[in-house]
There are 2 protein chains.
Amino acid sequence: MPEGQQDRAELLAELLVGFGANVQPGQIVAVGCEPGKEYLVRAIAASAYRRGAKFVDVGWFDPWVKRARIEHAEDATLDFVPEWYGERVLSLGRERAARIGLTGPVAPGVLSDLDPVRAGRDRLPAVKESGQVVNERTTNWSAGPCPTPAWAKMVFPDLPPDAALERLWEQIIHVCRLDEPDPVAAWRERRDVLVGAARRLTDRAFDALHYEGPGTDLTVGLLPAARWQAAAFETVDGLQHMPNLPTEEVFTTPDPARTEGRVRSTKPLVLFDGTVVSDLEVEFAGGSITELRASAGEVTFRTRTRTDPGAARLGEVALVDGAGRIGALDTVFYDTLLDENAASHIAVGQGFPFLLEDPARSNESEIHVDFMIGSPDVTVTGITAGGERVPVLVAGDWRI
Amino acid sequence: MPEGQQDRAELLAELLVGFGANVQPGQIVAVGCEPGKEYLVRAIAASAYRRGAKFVDVGWFDPWVKRARIEHAEDATLDFVPEWYGERVLSLGRERAARIGLTGPVAPGVLSDLDPVRAGRDRLPAVKESGQVVNERTTNWSAGPCPTPAWAKMVFPDLPPDAALERLWEQIIHVCRLDEPDPVAAWRERRDVLVGAARRLTDRAFDALHYEGPGTDLTVGLLPAARWQAAAFETVDGLQHMPNLPTEEVFTTPDPARTEGRVRSTKPLVLFDGTVVSDLEVEFAGGSITELRASAGEVTFRTRTRTDPGAARLGEVALVDGAGRIGALDTVFYDTLLDENAASHIAVGQGFPFLLEDPARSNESEIHVDFMIGSPDVTVTGITAGGERVPVLVAGDWRI
């Protein structure tokens with residue numbers, strides 16, 4: 001373990017357990033991770049038990065075992081996932097558990113030489129029941145980054161391994177505001193800015209958003225009385241938590257039937273299975289994807305968007321201002337948690353019905369895949385029901 | 001990864017998957033392991049999928065997370081285990097899955113400085129449902145050793161780390177008969193010897209066994225028509241498998257009410273949680289432990305034997321001849337799978353009801369802990385219902 005990593009891991013664990021997931025005495029705490037993240041998992045377990053957790057249930061996912069499946073298994077079996085994977089997640093909801101997920105690739109490119117159609121068939125470590133539990137708001141949860149040597153090498157390929165890991169740690173510490181004297185106070189302050197922007201967007205009740213920039217001319221229809229949300233979630237029992245740490249986004253769930261035009265991604269995205277999708281360009285008509293291209297990961301991404309009818313429609317639209325700490329670094333992290341918070345983004349797949357007056361109008365899918373479409377060169381304009389155009393984000397600054 | 005480890009891992013994986021567990025096309029394959037055993041888990045997954053497995057479900061257990069619990073958790077919570085741990089195991093039985101477990105400590109002594117009473121409260125990674133599934137014979141399963149640097153250092157503390165791991169691999173390869181031109185043929189031959197001894201012991205229908213040696217004068221009562229078993233198990237569906245690889249033992253389940261005398265363990269044993277129990281001496285009266293001493297691990301072992309009434313009574317009695325490959329090495333592996341197969345042993349806790357004419361007479365417990373009591377200095381004599389004394393094992397040689 002590099003010098004200082006233990007101290008940093010304890011800082012990060014405290015933030016995720018005490019503030020992010022806001023673990024309560026007596027709770028079960030589920031942790032999702034991959035081999036290579038043991039040091040942070042153990043710091044999280046210690047922090048959770050110190051706060052009175054009843055049990056820490058670590059769920060490991062090994063992308064190399066998934067590779068073995070894709071390489072060798074019979075084609076007809078590739079969709080199968082044992083029922084107890086989903087039942088565990090539903091049980092966590094029933095038990096009102098806390099959940100903590102650790103992002104950051106541990107095996108970049110581990111599937112990249114395999115048949116991408118086979119690679120897209122099971123969606124592990126994601127299970128569809130996770131979306132249900134999120135929407136029922138029965139668990140207080142948080143996802144945060146976990147530095148690993150493999151990730152550091154991917155982000156800083158020109159640095160020696162130790163220096164790359166050190167640089168990654170420095171940036172993670174910075175974007176998690178752990179370099180502040182009181183990180184939790186700093187997060188409360190930023191949260192209030194984001195929650196304020198969300199409230200104003202909700203109050204404006206735009207009928208649509210219009211994105212304009214290089215390769216992008218996209219209109220996303222919004223639903224009547226849709227709520228915008230940011231940073232802080234609350235469970236059905238009133239427990240505040242921060243689903244993402246870091247977070248810089250303000251988001252809602254759009255009208256799944258009214259996305260029109262084309263959009264160019266502004267950053268690569270890394271799918272759960274490690275596939276990197278680069279230079280993605282997508283065209284929409286009548287709400288659905290009609291065409292897509294990418295210089296890498298195209299077939300895997302297309303397979304995902306064909307999982308079910310909702311997988312080709314938008315479930316999320318999110319705005320990120322230029323004041324966040326991630327975009328300013330200009331680092332491509334190859335990790336959606338960080339990269340999506342560097343820029344405005346949209347997601348195909350499962351929406352957030354709890355943000356709608358009529359939850360039945362939210363998009364439904366087994367998948368949820370974010371991709372980044374914002375940059376200082378992309379202007380976002382709100383369109384009112386009366387057709388008025390209102391600047392929302394220009395050169396990264398809020399105009400509302 | 002040390003040179004040659006990948007090749008050796010593939011050999012070992014093939015033996016465990018193809019012969020040990022005897023994985024069938026279409027089966028779910030559950031693998032139990034700890035962080036540090038990834039290289040072998042991945043080789044097992046590849047081997048299983050090549051044989052047509054439907055899904056490989058890896059269950060990880062991290063002893064350092066258990067340490068965090070014992071260090072920090074509220075006392076009242078320490079027995080709690082989420083219901084889905086046991087339900088998964090029962091589902092594996094219902095699904096007629098294959099199961100593979102990997103032995104060998106990854107974190108020796110990780111719990112040794114903690115309160116042993118707290119350490120004994122949950123029995124993870126063991127769950128009581130595992131015993132049920134074994135007894136229902138619904139899964140084809142095998143446990144085999146997985147070399148790791150931490151284990152090698154424990155077994156060969158005087159060697160440099162690389163040499164220790166190399167020596168451990170050499171011995172594992174040897175005791176698994178992977179240095180034979182045809183390991184499976186070699187195992188079939190050894191299996192037939194052991195199965196033959198088991199059949200003769202069953203036919204003799206002894207009323208008791210008498211152990212005599214340094215510190216040992218123990219009589220273990222046997223039940224009428226109890227079957228002795230060795231090496232090969234068969235599932236309810238008739239699928240042959242080898243529960244342990246390597247295996248050198250011939251065993252039955254004794255009368256839980258008729259163990260009398262005292263016994264001195266001839267090798268240390270390592271509990272599932274990593275606690276090492278050394279120089280154990282146990283006294284029995286009326287079938288139950290009345291007194292025990294150990295130079296290390298005494299309190300943890302005593303706590304285990306008080307888990308439930310059956311935890312202080314015998315569930316297994318096993319004989320190991322001197323022709324096996326493990327005893328000849330004279331290595332203490334600090335791993336029950338290997339060490340128990342070096343010497344005759346007994347186990348407190350759960351018995352094997354399927355070996356009895358009247359299954360209700362088998363010992364019942366949530367635990368099953370083996371300890372080694374055999375050596376060339378320990379003589380085993382069979383006592384018939386008529387009181388005749390028949391030599392069974394003398395200086396490590398079968399006499400029946």
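# Questions on a two-chain model

Reader: Which residues of α2(B) are buried?
Author: The model is predicted. A residue is buried if its relative accessible area is under 20%. In α2(B), the buried residues are Glu38(B), Tyr39(B), Leu40(B), Val41(B), Ala43(B), Ile44(B), Ala45(B), Ala46(B), Ser47(B), Ala48(B) and Tyr49(B).

Reader: How many of the residues of α2(B) are buried?
Author: Helix α2 of chain B covers residues 38-50, which is 13 residues. The helix is mostly covered. The number buried is 11 of its 13 residues.

Reader: What distance should the end C-alpha atoms of α2(B) show?
Author: Take 1.5 Å a residue for the 13 residues of α2(B). The end C-alpha atoms in the model agree with the expected span. Both values are 18 Å.

Reader: Which residue with a positive phi follows α2(B)?
Author: Look just past the helix for a phi near 95°. The residue there is Gly52(B).

Reader: How far does α4(A) reach from its first C-alpha to its last?
Author: Helix α4 of chain A runs over residues 83-94 and has 12 residues. At 1.5 Å a residue, 16 Å is expected. The model comes close to that, with 17 Å.

Reader: What do the buried residues of α4(A) pack against?
Author: The buried residues are Trp84(A), Gly86(A), Val89(A), Ser91(A), Leu92(A) and Gly93(A). Their packing partners lie in both chains. From chain A come β1 (28-33), β3 (98-103) and α6 (128-136). From chain B come β1 (28-33), β2 (55-60) and α4 (83-94).

Reader: Is Ser91(A) buried or exposed?
Author: Ser91(A) sits in helix α4 of chain A. Its relative accessible area is 2%. The cut-off for buried is under 20%. So Ser91(A) is buried.

Reader: Which residues does Ser91(A) touch, leaving out those up to four places away in sequence?
Author: Ser91(A) is in helix α4 of chain A, but look to chain B for these contacts. They are Glu83(B) and Trp84(B).

Reader: What turn lays chain A on chain B?
Author: The RMSD of the fit is 0.0 Å, and the shift along the axis is 0.0 Å. That is the relation of a two-fold axis. The same surface serves both copies, as 100% of the contact residues of chain A recur in chain B. The turn is 180°.

Reader: What radius of gyration does chain A have?
Author: Chain A holds 12 helices and 21 strands. For 400 residues the globule rule gives 21 Å. The value for chain A is close to that, so the chain is as compact as a globular protein of that length. The radius of gyration is 20 Å.

Reader: What share of the residues in chain A is buried?
Author: The C-alpha trace of chain A spans about 55 × 50 × 45 Å along its principal axes. The chain has 400 residues. Buried residues make up 60%.

Reader: Which are the edge strands of the open sheet of 5 strands in chain A?
Author: The order is β7-β10-β16-β17-β18, with antiparallel pairing. An edge strand here pairs on one side only. The edge strands are β7 (229-230) and β18.

Reader: Which helix packs on that sheet?
Author: The helix touches β7, β10 (249-252) and β16 (314-320) of chain A. Its direction makes about 30° with that of β10(A). It spans residues 183-204 and is α9 of chain A.

Reader: Which residue stands opposite Ala347(A) in β18(A)?
Author: Strands β17 (345-349) and β18 of chain A pair in the antiparallel sense over 5 bridges. In this pair, Gly349(A) has His368(A) as its bridge partner. Strand β18(A) is largely enclosed, because 4 of its 5 residues are buried. Opposite Ala347(A) stands Asp370(A).

Reader: Is Glu364(B) buried or exposed?
Author: Glu364(B) lies in the loop between β17 (345-349) and β18 (368-372) of chain B. Its contacts beyond four places in sequence are Asp308(B), Gly310(B) and Gln350(B). The relative accessible area is 62%, and exposed means over 50%. So Glu364(B) is exposed.

Reader: Which strands are at the edges of the 8-strand sheet in chain B?
Author: The order is β15-β14-β11-β6-β5-β19-β20-β21, and the pairing is antiparallel. Within it, β5 (208-213) and β6 (216-221) pair over 6 bridges. An edge strand pairs on one side only. The edges are β15 (288-293) and β21 (397-398).

Key: Residues numbered from 1 in each chain as written. Chains lettered and ligands numbered in written order. Predicted model: local features only at pLDDT ≥ 70, side-chain atom pairs only at ≥ 80, totals over all residues. Heavy atoms only, no water. Pairing = 2+ DSSP bridges. Helix = DSSP H or I, 4+ residues; strand = E, 2+ residues; numbered from the N terminus. Expected span 1.5 Å × (residues − 1). Buried < 20%, exposed > 50% of the residue type's maximum accessible area, 1.4 Å probe, protein only. Least-squares fit on C-alpha atoms with pLDDT ≥ 70 in both. Contact = heavy atoms within 4.5 Å. Axes fitted to C-alpha atoms, helices over the stretch in contact; angles between N-to-C directions. Rg over C-alpha atoms; globule rule 2.2 N^0.38 Å.
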